Amino acid sequence: MGAETGATLSTPRADRKDSKSPPRTPRTPTEIVETLEWHVANVYDEIVGSAFNFIYDVLQFSSGRDKFCALMQGYAKFASEVLTEPDSERHWMYRGIEDSLSDGRKIFRLFKEFREVYKVRRGWSRFQQGASGHGALSIPAACGVLDVLGHTCSFFYYLGDNILWAASVGIVRSKEVPKMQRRMWKGFRKNGPVLSWLGGVASVKRRRNWASIWRLNFAIGANILLFYKAASKLTLSSLQGPDDPRLFHTLEIVGMLASYRVLLSKLKIAKASHARLGLLAMLAAACGIWSNWRKVRRKNCGTKSFVPSPTKKLPAQGVDFSNVKPLKEVNEE
């Protein structure tokens with residue numbers, strides 16, 4: 001990871017950079033700059049650079065930031081039950097962190113349903129290309145159909161999620177009074193026409209979760225087909241490093257199965273404890289973080305290597321400061 005994302009300095013002064021001991025006491029401005037470069041290279045690039053570069057790469061895309069927040073949210077859910085006493089100060093602190101991150105992540109999904117319309121069209125194009133090139137029953141054609149169905153479900157998932165966000169801030173009227181309007185309302189509030197037509201907030205949440213379940217079904221099926229296709233072409237001895245398609249599809253399936261189990265609990269089909277849901281959420285987020293990090297590295301839009309510009313050598317006798325006037329005399333002139 002460090003060799004790919006980190007900052008390795010390649011300069012003509014290899015003897016100074018490769019040396020484990022610090023350079024001698026600097027006496028000239030040039031030596032001061034070289035000493036600073038040596039310390040930066042040995043502290044940042046050798047010790048903390050890999051971790052900071054990894055986080056920087058993960059946060060490049062909004063999907064990566066969402067998964068990073070999901071990881072912290074899952075940890076807060078887990079810690080509120082396992083690492084604290086019930087009804088204690090820290091218990092409610094972790095629950096507050098969990099709720100705050102849950103609300104904050106909604107902004108990453110705002111208007112995302114419009115992107116799904118394009119992806120549905122892209123999936124149909126993939127089906128046509130796969131059917132014309134490999135046959136209507138081929139894996140590329142089947143993945144195109146699953147792509148269309150999955151992104152159609154994603155459209156309704158994001159639409160429902162945005163409606164719930166609009167209801168939470170008062171754009172769409174609901175029975176529950178938004179936080180900033182509680183001074184105005186003293187009860188007797190009804191759902192507006194949108195939520196009345198959809199059956200209320202609970203109905204929207206249930207339909208959103210079912211849409212997410214179905215999009216996971218289609219996505220898992222597509223990844224299984226793509227894994228089979230990659231495994232049939234490659235042997236175990238021909239591993240392609242972190243970008244091996246078999247590793248990618250395996251992690252995608254594992255993350256989706258973890259999300260699937262969380263959704264089953266939300267739909268009250270198979271209840272799970274708060275701690276188990278937190279662990280599953282962290283597992284799903286970690287798989288998503290890996291996929292986003294590899295996407296950034298493949299597109300080469302993350303961290304770069306730092307190559308300092310060579311410093312200009314000063315004369316051997318140093319700089320003559322005898323003609324420099326004190327600041328007071330300069331101000332008087």
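A salt bridge here is a side-chain nitrogen of Lys or Arg within 4 Å of a carboxyl oxygen of Asp or Glu. The model is predicted, and local features need pLDDT of at least 70, side-chain atom pairs count only at pLDDT 80 or more, while totals for chains, interfaces and linings use all residues. Residues are numbered from 1 along each chain as its sequence is written, and side-chain values use heavy atoms, with hydrogens and water left out.

**Exercise 1. Describe the salt-bridge network that includes D161, and state which parts of the chain its pairs tie together.**

Step 1. Begin with the membership: K106, R109, D161 and R208 are linked in a network of salt bridges, and a search of the whole structure finds eleven salt bridges.

Step 2. Take the pair R109 and D161, whose closest N and O atoms are 3.0 Å apart. R109 lies in the loop between α5 (89-105) and α6 (113-134), whereas D161 lies in helix α7, so this salt bridge ties together parts that are 52 residues apart in sequence. Helices are DSSP runs of H or I with at least four residues, strands are runs of E with at least two, and both are numbered from the N terminus.

Step 3. Take next the pair D161 and R208, which also form a salt bridge, at 3.0 Å from N to O. Because D161 lies in helix α7 and R208 in helix α9 (residues 201-233), this pair ties together parts that are 47 residues apart in sequence.

Step 4. Finish with accessibility, where buried means under 20% relative accessible area, exposed means over 50%, and partly exposed is in between (1.4 Å probe, protein chains only). Both R109 and D161 are buried; D161 has a relative accessible area of 1%, and R208 is buried at 12%.

**Exercise 2. Are the partners of the salt bridge between R246 and D244 buried or exposed?**

Step 1. Confirm the pair: the side chains of R246 and D244 meet at 2.9 Å, N to O.

Step 2. Examine each partner in turn. R246 counts as buried because its relative accessible area is 9%, and D244 counts as buried because its value is 2%.

**Exercise 3. Which residues make up the largest nonpolar core, and which helix gives the most to this core?**

Step 1. Fix the term: a nonpolar core is a set of buried Ala, Val, Leu, Ile, Met, Phe, Trp, Tyr and Cys residues joined through side-chain atoms within 4.5 Å.

Step 2. List the members, which are I163, L164, A166, A167, V172, L195, L198 and V204, eight residues in all.

Step 3. Assign them to helices: α7 (139-169) and α8 (193-198) each supply at least two residues of this core, and α7 gives the most, with four residues.

Step 4. Look at one member in detail. Leaving aside neighbours within four places in sequence, A167 is in contact (heavy atoms within 4.5 Å) with V172, S174, P178 and L195.

**Exercise 4. How many disulfides are there, and are C143 and C287 buried or exposed?**

Step 1. Recall the chemistry: a disulfide is a covalent bond between the sulfur atoms of two cysteines.

Step 2. Apply the rule that a disulfide is a pair of cysteine sulfur atoms within 2.5 Å, by which the count comes to zero disulfides.

Step 3. Turn to accessibility: C143 is buried at 13% relative accessibility, and C287 is buried at 7%.

**Exercise 5. Locate S291 and L257, and describe the surroundings of each.**

Step 1. S291 has its place in helix α11 (residues 274-299), and this serine counts as buried because its relative accessibility is 9%.

Step 2. Apart from neighbours within four places in sequence, S291 is in contact with F248 and E252.

Step 3. L257 is found in helix α10 (residues 245-266) and is partly exposed at 48% relative accessibility. The C-alpha atoms of L257 and A284 are 8.0 Å apart in space, although these residues are 27 apart in sequence.

**Exercise 6. Summarise the fold of the whole protein chain in terms of its helices, strands and burial.**

Step 1. The protein chain has twelve helices and zero strands.

Step 2. Of its 333 residues, 36% count as buried.

Step 3. Among contacts between residues at least 6 apart in sequence, 64% join residues at least 24 apart.
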